[in-house]
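Me: I would like a close look at one part of this model, followed outward into what surrounds it. Please keep to geometry and give the cut-offs for each term as it comes up.

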Amino acid sequence: MEHLELIAIFLFVLFLLLGTGVWVGLALLGVAFFGMELFTTRPVGDAMITTIWTASSSWTLTALPLFIWMGEILFRTRLSEDMFKGLTPWMAGLPGGLVHTNIVGCTVFAAVSGSSAATLTTVGKMSIPELRRRNYPEHMIIGTLAGAATLGLMIPPSLTLIVYGVTINESISKLFIAGVLPGLVLASMFMGYVAIYSKVSSNYNPDPEPKTSLAEKIANSRFLIPVICLILVVIGSMYLGLATATEAAAFGVIGALLLAAGQKSLNWSTFTESLMGATRTSAMIALILAGAAFLSLTMGFTGLPRALAEWIAGMELSRFELLMALLVFYIVLGCFLDGISSVVLTMAVVEPMIRQAGIDVIWFGIFIVVVVEMAQITPPIGFNLFVLQGMTKHEMNYIAKAAIPMFFIMVVMVFVLIWFPELVTYLPENMRAKPGG
C-alpha cells in the first residue's frame, strides 16, 4: 500500500510539471528532487550533481551527437532529390508504383539518420509534391510516409537505441545490428500492404510512368551510390568489429561531409546550421537522460522499482502476458510522451521485470522501439503526425486516419518479433567483437 501511495505522489508531481509546459528533462529532475527530499535522508544536491555528471560523461553517449550531426548534414543536402531520381525507375514497375519510394526512401535515409522526424522531412519534402503530381491517393502518400519514417528509430543508427543502451548499460553496436533485420522486415510489410491495396482499391489509378530500359535504370542508380556507400561504412564497420558505435558515428560524419561537398551543397551556412541543429537536439536528449538518471537513483532509494517488479512477479504472468501488458502500457504512454522520454522514464521500473522474466535485453530493446514507433503516429502527441501536418496542411484527424493501417502493421510486427526472436538475435550473436571495445 505504501508503494502505491509513493507511485501516486510521483505521478502527480510529474504530470503537474509536464502539464505546466516544463521541459521533460527539468520535469524529471523536479520529480526526482521532490522524491529525494521527501523520502530519503541523503543530501539532495550532492546526489544530484554526482548522478548528472555520471550520466552526462558516459563515453557511449558520444555516439549520440555524432549520429545526430550526420543526419543534420544530410538533411541539408540534395540527398532526397537524388534518392527519388535513383529509386523511381526501379519502383515504377512494382504493384503500387511510386508510393514504394516513400518506404524505400525512408528505409535508406533511416540508415544514415537516427531520427524519425528527420527521415520524414527529408523524404517527404521531395516525394509528396512528386506523388501528388502523378495522382496517387493522398491518404496513401501520407499514411506510408508516417509509418515508414518510424524506421528511423529502428534501423541503425537509432537515437532511441542509443538512449536505451546507455540506460540499461548494454552494447550500442549490438543493439544497432539487432535492429537491421526487423527494420527490413517491417519495411517489407509496409510495401506488401501498398501492393495489396493498389490491387484491391478502385480509386488507385495514378498516371503511368514512362517505360525505362535496364541501362537507364542502372544509369539513374548512380545517384544512390554515395548514400549506399555511407550506409555500408557505418553499419558494416560495426558488424565486422572494426569500429565501436562511436567510431562508426565519426566515420559517418566524415562521410556525410564528403557527400555534401561532392553535391556542392556544403557551404559555411549549411555547416553551421547542421552543427547548431545537432547541438540543440543533443542537449535536449542529454537533459532528459540526466533527469532520468537522477529519477532512477531516487526510485532506487525508495525501493519502488524492486517492489513493483516483485508485485508483477507475484502475479505470475507468463512471458507473453507480461509483453502484452507492456505493449498496452507503452502505447498509452506514447500518446502523451515522445519515444526517448518514454524509454528513460520507465526503464528503472521495467528493466528488473524483464530480467526477472528471463527476457533478452537486446531483444527487448527492439521490441520497445517498435512499440515506441507506434507512439510516433498515435494522436494526440504523435510527433510524425505534427511534422506531416506542417508539410501537407491537412487536418490532424485526416493524417491520423491515414496512418492507422501502418499502426496495425506495427502491432503485427510485435507478434512477429515474439514468434521469431531469432530475427533480432541472429546478427548480434554472429557479429565480431572489436578488440578492447
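In which helix does Gly-390 lie?

Reply: The model is predicted, so local features are taken only at a pLDDT of at least 70 and side-chain atom pairs only at pLDDT 80 or more, while totals for chains, interfaces and linings use all residues. Residues are numbered from 1 along each chain as its sequence is written, and side-chain values rest on heavy atoms, with hydrogens and water left out.

Gly-390 lies in helix α20. Helices here are DSSP runs of H or I with at least four residues, strands are runs of E with at least two, and both are numbered from the N terminus. With a relative accessible area of 42%, Gly-390 is partly exposed. Buried means under 20% relative accessible area, exposed means over 50%, and partly exposed is what falls in between, for a 1.4 Å probe and protein chains only. The C-alpha atom of Gly-390 is separated by 38 Å from that of Thr-51, which is 339 residues away along the chain.

Thr-392 belongs to α20 as well, a helix that covers residues 383-392. Thr-392 is buried, at 8% relative accessible area. A polar atom of its side chain lies 2.8 Å from the backbone oxygen of Leu-388. A polar contact is a pair of N or O atoms within 3.5 Å; within protein, one atom must be able to donate a hydrogen and the other to accept it, and residues adjacent in sequence count only if both atoms are side-chain atoms. Apart from neighbours within four places in sequence, Thr-392 is in contact with Ile-128, Arg-132, Ile-142 and Ile-399, where contact means heavy atoms within 4.5 Å.

Helix α20 also takes part in the largest pocket. At least two lining residues come from each of α2 (24-39), α4 (63-75), α7, α9 (159-168), α15 (268-302), α18 (339-356), α19 and α20. On a 1 Å grid over the protein atoms alone, a pocket is an open set of points with protein on both sides within 12 Å along at least five of seven lines, a cavity is a set where a 1.4 Å probe fits but cannot get out, and lining residues have an atom within 4 Å of a point. The volume of the largest pocket is about 960 Å³. It is lined by 37 residues, and the closest to its centre are Ala-117, Thr-281, Met-284, Asp-338 and Phe-383. A volume is the space filled by probe spheres set on the grid points, which are joined across faces, edges and corners.

The largest share of that lining, six residues, is supplied by α15. Ile-288 is found in α15 and is buried, with a relative accessible area of 5%. Its C-alpha atom is 3.8 Å from that of Gly-25, although the two are 263 residues apart in sequence. Not counting residues up to four places away in sequence, Ile-288 touches Val-24, Gly-25, Leu-28, Ile-340, Ser-341 and Val-344.

Another helix of the pocket lining, α19, is mostly covered, with 16 of its 16 residues buried. Helix α19 runs over residues 361-376, and because its 16 residues at 1.5 Å each should span 22 Å, the 23 Å between its end C-alpha atoms agrees. The expected span is 1.5 Å times one less than the number of residues. Asp-360 caps the N-terminal end of α19, with a side-chain oxygen 3.1 Å from the backbone nitrogen of Ile-362.

The nonpolar core comes next. Tyr-164 and Phe-364 touch the most other members of the largest nonpolar core, which has 149 residues. Helix α21 (residues 396-419) gives the largest share of this core, 15 residues. Such a core is a set of buried Ala, Val, Leu, Ile, Met, Phe, Trp, Tyr and Cys residues joined through side-chain atoms within 4.5 Å. Beyond neighbours within four places in sequence, the contacts of Tyr-164 include Leu-175, Val-343, Met-347 and Phe-364.

There is enclosed space too. The whole structure has two cavities of 30 Å³ or more, and the largest holds about 60 Å³. Two or more residues of the lining of the largest cavity come from each of α5 (79-91), α6 (99-110) and α7 (116-133). Among the lining residues are Ser-80, Phe-84, Asn-102 and Met-126.
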